[in-house]
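Trainee: I am new to this structure and would like a close look at one part, the place where the two chains meet. Please take me through it step by step.

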Protein chains: 2
Amino acid sequence: MLVRDISEMKSIVKDLKRKGKTIGFVPTMGYLHEGHVSLIRSSRKDNDITVVSIFVNPLQFGENEDLDRYPRDLKRDQGICEKEGVDYLFYPSYKDMYPEGFSTYVTVEGITDKLCGAFRPGHFRGVTTVVMKLFNIVKPDRAYFGLKDYQQFKVIQKMVRDLNMDVQVIGCPIVREKDGLAMSSRNKYLSDKEREAAVNISRSLFEAKRLFESGVTDAERLKERIIEIIMSSPEVREIQYVELVDPENLESKEKAEKGDIIAIAVFIGNTRLIDNIQL
Amino acid sequence: MLVRDISEMKSIVKDLKRKGKTIGFVPTMGYLHEGHVSLIRSSRKDNDITVVSIFVNPLQFGENEDLDRYPRDLKRDQGICEKEGVDYLFYPSYKDMYPEGFSTYVTVEGITDKLCGAFRPGHFRGVTTVVMKLFNIVKPDRAYFGLKDYQQFKVIQKMVRDLNMDVQVIGCPIVREKDGLAMSSRNKYLSDKEREAAVNISRSLFEAKRLFESGVTDAERLKERIIEIIMSSPEVREIQYVELVDPENLESKEKAEKGDIIAIAVFIGNTRLIDNIQL
């Protein structure tokens with residue numbers, strides 16, 4: 001069922017709570033792919049009711065980013081949600097989410113300065129603010145996020161803990177195309193040639209993990225190998241970052257340990273893609 | 001019943017919600033006075049259960065402010081709560097509210113730049129952050145704030161609206177001593193002479209309202225008269241601000257209209273007192 005109105009969504013949730021139903025929530029920006037579907041399936045397994053939201057959140061896009069061309073296809077998304085047994089598809093409007101005079105923000109400091117946060121000022125403030133709003137509307141027992149956006153997952157987990165929110169924040173494994181490319185709505189932007197180059201991102205991460213497992217722990221060596229693989233294609237405009245980080249505080253590390261994360265952001269043409277792997 | 005533990009408070013609230021009880025909440029910094037008592041009484045009238053919190057929130061004090069000497073008397077406060085029929089007195093510790101690594105903040109922009117916000121940088125960020133936390137723990141249906149802190153009341157109302165929170169934020173009339181001085185835990189700081197001077201704050205506001213009702217609408221004339229009355233005492237160190245403002249957005253005005261607010265902050269000796277009146 002499609003719900004556009006915030007107060008209607010709230011009253012549905014109120015009713016569900018009264019009936020003692022548990023609510024699983026999958027917040028998205030739409031243009032759903034297999035990664036989203038895996039979140040939906042996890043939610044359906046754990047909860048009585050599953051709510052998916054689609055909201056392309058202007059607050060989390062920088063000025064020169066892709067807000068205007070971000071892919072949108074509500075009909076298609078509705079079809080996927082129906083097929084997957086989603087109970088409610090919440091699709092609020094910009095002006096209802098950010099009415100005139102809106103001026104309240106949630107910020108997580110520290111952990112948001114690193115990785116993507118260092119290159120996308122204000123991005124995580126936009127994410128935490130909209131997620132706080134969505135959580136307050138949908139009041140989920142559990143919320144599901146893809147681990148492709150590992151930093152986002154940790155930032156939201158931190159917000160929830162710091163602000164004593166009740167929702168359980170669950171990270172779900174990255175879903176990849178057959179050749180390894182992490183699923184992303186932004187993959188649609190890639191030309192055929194760029195798509196070919198994009199596969200090197202995941203390939204470089206798998207290779208780094210293999211190196212680590214064969215005994216290489218020096219961050220510089222791991223990063224060099226990753227850069228070498230990714231930069232082998234002329235379609236790659238820039239590696240924005242490649243970092244070995246602690247899985248909890250996202251601080252950079254010099255020596256890799258089991259459980260650490262290697263995270264990457266790459267521009268292939270004009271398309272910014274991210275990926276990561278846990279060692 | 002005194003509750004110190006956050007998760008115990010949460011589980012009490014969960015149980016109350018399951019039983020369908022409505023919760024009224026009075027967040028305070030303790031050292032309760034008649035103003036707080038009026039909030040408690042409003043809450044008891046409107047709700048099944050009343051929760052009072054006492055937490056001297058370090059986040060809302062500036063570096064050179066009175067955090068260390070802020071008056072505290074839990075035994076006395078417990079007595080008042082018991083007498084007034086408060087169901088739960090929530091008394092969390094600093095280290096539970098702000099554990100090591102805490103780094104998430106809620107900010108309301110715009111409305112917090114004015115009046116007290118202009119002189120107490122970070123103050124309202126501290127207020128909104130702690131109130132967000134307390135609301136998430138206590139999950140009140142209604143929360144009660146004294147209108148002496150008019151700006152605080154409007155800031156919290158804005159936070160709740162902007163972030164789609166469910167709690168109803170209720171402002172209760174200023175409670176005054178017999179001679180007019182607005183009740184405040186900080187009145188305790190005043191020497192006898194300062195206490196005498198302090199009465200001029202409310203006296204000047206009543207006089208300004210009388211002038212307005214007799215036809216004076218010019219903000220400068222109203223402010224001049226207020227300053228004249230307050231500065232008549234040598235105990236007054238400084239008038240930090242006296243402003244005629246719009247009751248909603250707190251923007252300064254030049255012509256007074258019915259419903260506008262005149263707000264004042266004054267240093268009497270080292271004690272900062274605030275007061276306001278609605279025209």
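Mentor: A short piece of the fold comes before the contact: in chain A, strand 6, helix 7 (residues 150-162) and strand 7 form a right-handed β-α-β unit. Right-handed means that, with the strands pointing away from the viewer, the path from the first strand over the helix to the second runs clockwise. Helices (H or I, at least four residues) and strands (E, at least two) are DSSP runs, numbered from the N terminus.

This is a predicted model, in which local features need pLDDT of at least 70 and side-chain atom pairs count only at pLDDT 80 or more, while totals for chains, interfaces and linings use all residues. Residues are numbered from 1 along each chain as its sequence is written, chains are lettered from A and ligands numbered from 1 in the order in which they are written, and side-chain values use heavy atoms, with hydrogens and water left out.

Within the unit, strand 6 of chain A runs parallel to strand 7 (residues 168-172) of chain A and is joined to that strand by five bridges; strands count as paired if DSSP finds at least two bridges between them. Phe145(A) lies opposite Gly171(A) of strand 7.

Now the contact itself. With contact meaning heavy atoms within 4.5 Å, chain A and chain B each give 25 residues. The two chains bury about 2100 Å² between them, 42% of it on carbon and sulfur atoms. Buried area is the accessible area (1.4 Å probe) that two parts lose on being put together, summed over both. On the side of chain B, the most area is lost by Thr104(B), Leu163(B) and Asn164(B), together 28% of what that side buries.

Strand 5 (residues 104-108) of chain A pairs with strand 5 of chain B in the antiparallel sense, over five bridges. There, Val108(A) is opposite Thr104(B).

Six salt bridges are found across the interface, each a side-chain nitrogen of Lys or Arg within 4 Å of a carboxyl oxygen of Asp or Glu. A salt bridge links the side chains of Asp166(A) and Lys139(B), at 2.6 Å from N to O.

On chain B, the elements that give two or more residues to the side touching chain A are helix 1 (6-18), strand 5 (104-108), helix 6 (123-138) and helix 7 (150-162). Helix 6 of chain B has the largest share, six residues.
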